[in-house]
Amino acid sequence: AIVTIADEDGNYLREAWEHILTCVSRFEHLHLLGEGAPPDATFFAFPQDESEKSKQAKSTNLPVLNKKGPGKIQYAAASVMRGSYDGAGIGGNSAGAVTSEQVDNLVSNLNMLEQVGSSEMNRIFTRSQKLNSEAIIDFVKALCKVSMEELRSTSDPRVFSLTKIVEIAHYNMNRIRLVWSSIWHVLSNFFVTIGCSENLSIAIFAMDSLRQLSMKFLEREELANYNFQNEFMKPFVIVMRKSSAVEIRELIIRCVSQMVLSRVNNVKSGWKSMFMVFATAAYDNHKNIVLLAFEIMEKIIRDYFPYITETETTTFTDCVNCLVAFTNSRYNKDISLNAIAFLRFCAAKLAEGDLGSSSKKKEKENGKVSPSSPHKGKDGRQENGELIDKDDHLYFWFPLLAGLSELSFDPRPEIRKNALELLFETLRNHGHLFSLPLWERVFESVLFPIFDYVRHGIDPAGGDSNEEGIVSDMDELDQDAWLYETCTLALQLVVDLFVNFYNTVHPLLRKVLSLLISFIKRPHQSLAGIGTAAFVRLMSNAGDLFSEEKWLEVGYSLKEAANATLPDFSCVVSGDNMAGTNEHALNSQGNEASAGSDTSQGGSESLRTQHIYASLSEAKCRAAVQLLLIQAMMEIYNMYRTHLSAKNTLVLYEAIHDVASHAHRINIDSPLQSKLQEFSPMIQMQDPPLLRLENEAYQSCLTILQNLILDRPPRYEEVKVESHLVDLCQEVLLFYIETARSGQTSETSPEEQSQWLIPSVSGKRRELASRAPLIVATLQAICSLGDTLFEKNLVQFFPLLSSLISCEHGSNEVQVALSDMLSSSVGPVLLRSC
């Protein structure tokens with residue numbers, strides 16, 4: 001009756017299929033028991049400890065295999081007592097107590113099983129291919145549900161329906177793809193659930209069943225533009241990721257390996273899932289899994305690489321992603337190095353330009369356009385009468401390049417070195433193929449992220465940032481080989497890459513400059529030195545290629561760096577207020593006794609001291625950075641002095657002048673210098689603290705302006721260089737005079753004051769002696785103005801020169817230069833006036 005109903009009314013049974021398939025399952029169970037075969041539970045309930053395993057091995061030869069008669073009754077009765085299997089079917093309840101009469105009735109009717117053979121029941125499954133599209137989906141859902149109940153039985157797990165699932169899939173393989181997708185959606189979820197079963201034997205059986213099914217699918221030719229292979233192999237990927245059993249993960253790798261070795265000619269979209277399985281294995285916690293997976297991956301690359309991209313170019317990306325996963329393997333350095341070598345092989349293949357050529361030809365024949373082409377039109381090129389979109393092809397570079405970029409953070413020096421070499425070698429050798437949009441993505445997504453490790457916290461002064469953490473972090477960075485080896489090398493290579501392909505990538509200059517400036521801004525002298533050196537390297541190699549607009553970008557970048565690295569001593573002066581705030585915060589945590597208050601005050605004082613020392617260390621670091629920066633700017637200026645316009649040169653002048661002015665304000669801050677005296681034994685800063693920086697900056701300013709007057713470059717008349725030089729000379733002389741007077745004591749009343757005496761051993765005398773070369777250079781610059789300009793500005797200069805005469809100096813250099821000036825320039829002017 002069941003067979004007849006299933007055969008005649010199968011298209012209308014819908015959920016009722018579960019009743020029929022449950023009956024079929026139970027009938028098959030009884031039939032096997034009637035023949036004396038052992039139940040499936042015998043093979044799926046493995047003992048855990050070794051002693052039980054040995055007992056199980058000894059009892060493998062069951063009595064039923066030798067004596068069918070007693071075994072038939074014994075197993076049948078036992079089956080009835082257990083209720084066949086737990087809770088199978090709709091609303092099915094486990095059998096309760098079974099009476100002896102029921103047992104006798106069952107045994108007496110076992111002979112009826114001989115009249116209905118398994119072939120009758122198999123008709124239900126073989127004729128499933130005649131069901132319509134809706135009915136076959138209902139049939140599969142019911143079969144999966146029944147199988148799930150069979151396998152979940154705690155007392156008597158069975159695999160009858162599971163084996164039938166494989167048969168059903170085979171019988172219905174010729175259905176249209178839309179129906180197959182619906183069928184496989186059901187089967188896929190089923191195999192994932194069973195594959196992750198806690199019963200290892202059942203999970204293994206499920207994965208092996210899936211392997212059999214997959215092998216059948218791979219026997220068929222996959223239709224173009226259809227990814228069903230990838231779909232039916234996804235359960236392998238999901239179970240590989242979810243299963244906690246090492247045996248299951250190893251079995252999946254071996255299953256996929258067998259598919260590759262035996263069906264490589266037929267694999268199309270299935271490569272994607274295969275590579276996902278291997279990539280998951282690359283991150284496995286068990287070394288053997290990693291080694292096994294890479295062994296298979298190595299064979300695929302060496303022997304079957306042409307098959308990977310034969311029809312689907314995107315599978316190349318999947319292959320690269322898989323190799324990148326193996327480069328991150330921590331179990332075996334050789335695996336990582338070999339994976340990098342295979343990435344080099346992939347880069348060479350990609351550079352050949354025929355990747356996926358067969359699929360493109362097919363698409364062209366079918367009149368289809370590749371869906372992976374993000375840019376058409378202006379990015380395309382007409383070559384040999386055929387339109388080739390470079391970005392369409394070169395899009396596949398990204399996983400390879402990005403993977404190598406990530407390896408620059410690898411803690412293993414050998415891996416970092418090989419990855420960086422391959423990354424920049426690839427870009428250097430094949431960068432001529434790249435369009436500007438592609439280069440933009442390479443810089444943004446591949447190259448710049450290499451430096452994120454050292455670029456964090458570029459602006460530590462902003463918000464509530466913790467300078468102490470930054471300072472303490474310096475010691476860690478000082479010992480980090482990445483900082484001095486990989487980072488320095490990578491920054492140089494980025495600069496060289498930009499120079500090599502400047503004709504294409506010149507619009508990216510601002511972004512490259514921002515990268516270099518971000519290093520200079522960092523409150524870390526070594527990092528700033530690396531950035532400054534790279535900036536000079538860029539200018540020395542590419543400066544001749546820059547237009548005036550590009551040089552203006554360079555000048556403003558340097559100006560930005562100069563203003564961002566100005567040393568800040570404000571916390572030293574405001575340290576008392578800060579200490580009061582900390583003390584209040586400490587005391588507010590609870591009402592302490594007087595002894596506790598003393599402790600709180602001591603802690604507040606300690607915090608204040610630590611904060612000031614951290615701030616002074618950072619200020620000292622920034623002063624050193626600004627010295628490096630000024631030297632770099634002068635080196636760049638000297639290299640391209642004749643190349644720069646007056647406007648661009650004046651931008652450099654303004655940047656250096658900002659540094660000089662700020663340094664002077666710090667140097668004449670008396671309250672600050674008093675505070676610094678308290679910390680001088682620890683911080684070892686000169687008095688005044690930025691004297692060298694001020695002198696070098698002003699000296700550089702003088703040099704630039706004098707050269708401008710001498711060279712008269714393009715657009716000279718627009719910038720009024722003479723006016724800038726006159727103002728600068730007045731500024732320097734005035735600062736010197738104020739400094740000389742600030743520490744002098746008068747022997748007469750202020751009204752009669754004509755001369756100030758400086759103690760010969762005082763720090764002020766040493767300071768004036770240090771400033772003397774700058775004053776001498778300033779006086780010489782005034783003399784070089786020429787008679788007309790000198791005479792025109794003598795009214796402003798003369799009071800300053802008179803004050804210089806009345807000052808006592810730290811050395812006689814200023815007096816000698818002043819005497820020469822009075823005799824050579826001032827004297828003749830006065831005589832002409834008379």
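Reader: Over which residues, up towards 479, does pLDDT stay under 50, and how many contacts beyond four places in sequence does the model have for them?

Author: First, the general idea: where pLDDT is low, the predicted coordinates should not be read in detail. In this predicted model, pLDDT stays under 50 over residues 457-479, and the model has 33 contacts beyond four places in sequence for that stretch.

Reader: What's the mean pLDDT of the protein chain, and what about residues 46-95?

Author: The chain averages 77, with 73% of its residues at 70 or more. Residues 46-95 fall below 50, though the model gives this stretch 64 contacts beyond near neighbours in sequence.

Reader: OK, on to packing. At what angle do helix 15 and helix 17 pack?

Author: Generally, you describe two packed helices by the angle between their axes and the distance between the axes. Here, helix 15 (residues 270-282) and helix 17 (residues 314-327) pack at about 10°, axes 8 Å apart. Angles under 35 degrees count as roughly parallel, so helix 15 is roughly parallel to helix 17.

Reader: Which residues meet there?

Author: Helix 15 brings Trp271, Lys272, Phe275, Phe278, Ala279 and Ala282, while helix 17 offers Thr315, Asp318, Cys319, Cys322, Ala325 and Phe326. By class, that's nine nonpolar, one polar and two charged.

Reader: And how do the axes of helix 17 and helix 21 cross?

Author: Roughly at 10°, coming within 8 Å, with helix 21 spanning residues 397-406. That angle makes helix 17 roughly parallel to helix 21. Thr317, Val320, Asn321 and Val324 of helix 17 touch Pro399, Leu400 and Gly403 of helix 21. The split here is four nonpolar, three polar and no charged.

Reader: What about helix 12: how far does it reach?

Author: Its 19 residues (200-218) reach 27 Å from first C-alpha to last, close to the 27 Å expected at 1.5 Å a residue. At the start of helix 12, a side-chain oxygen of Asn199 comes to within 3.1 Å of the backbone nitrogen of Ser201.

Methods. Residues numbered from 1 in each chain as written. Predicted model: local features only at pLDDT ≥ 70, side-chain atom pairs only at ≥ 80, totals over all residues. Heavy atoms only, no water. Axes fitted to C-alpha atoms, helices over the stretch in contact; angles between N-to-C directions. Helix = DSSP H or I, 4+ residues; strand = E, 2+ residues; numbered from the N terminus. Parallel < 35°, antiparallel > 145°, perpendicular 65-115°, else oblique. Contact = heavy atoms within 4.5 Å. Nonpolar A, V, L, I, M, F, W, Y, C, P; charged D, E, K, R; others polar. Expected span 1.5 Å × (residues − 1). Polar contact = N/O pair within 3.5 Å; in protein donor to acceptor, adjacent residues only side chain to side chain. pLDDT = per-residue confidence, 0-100.
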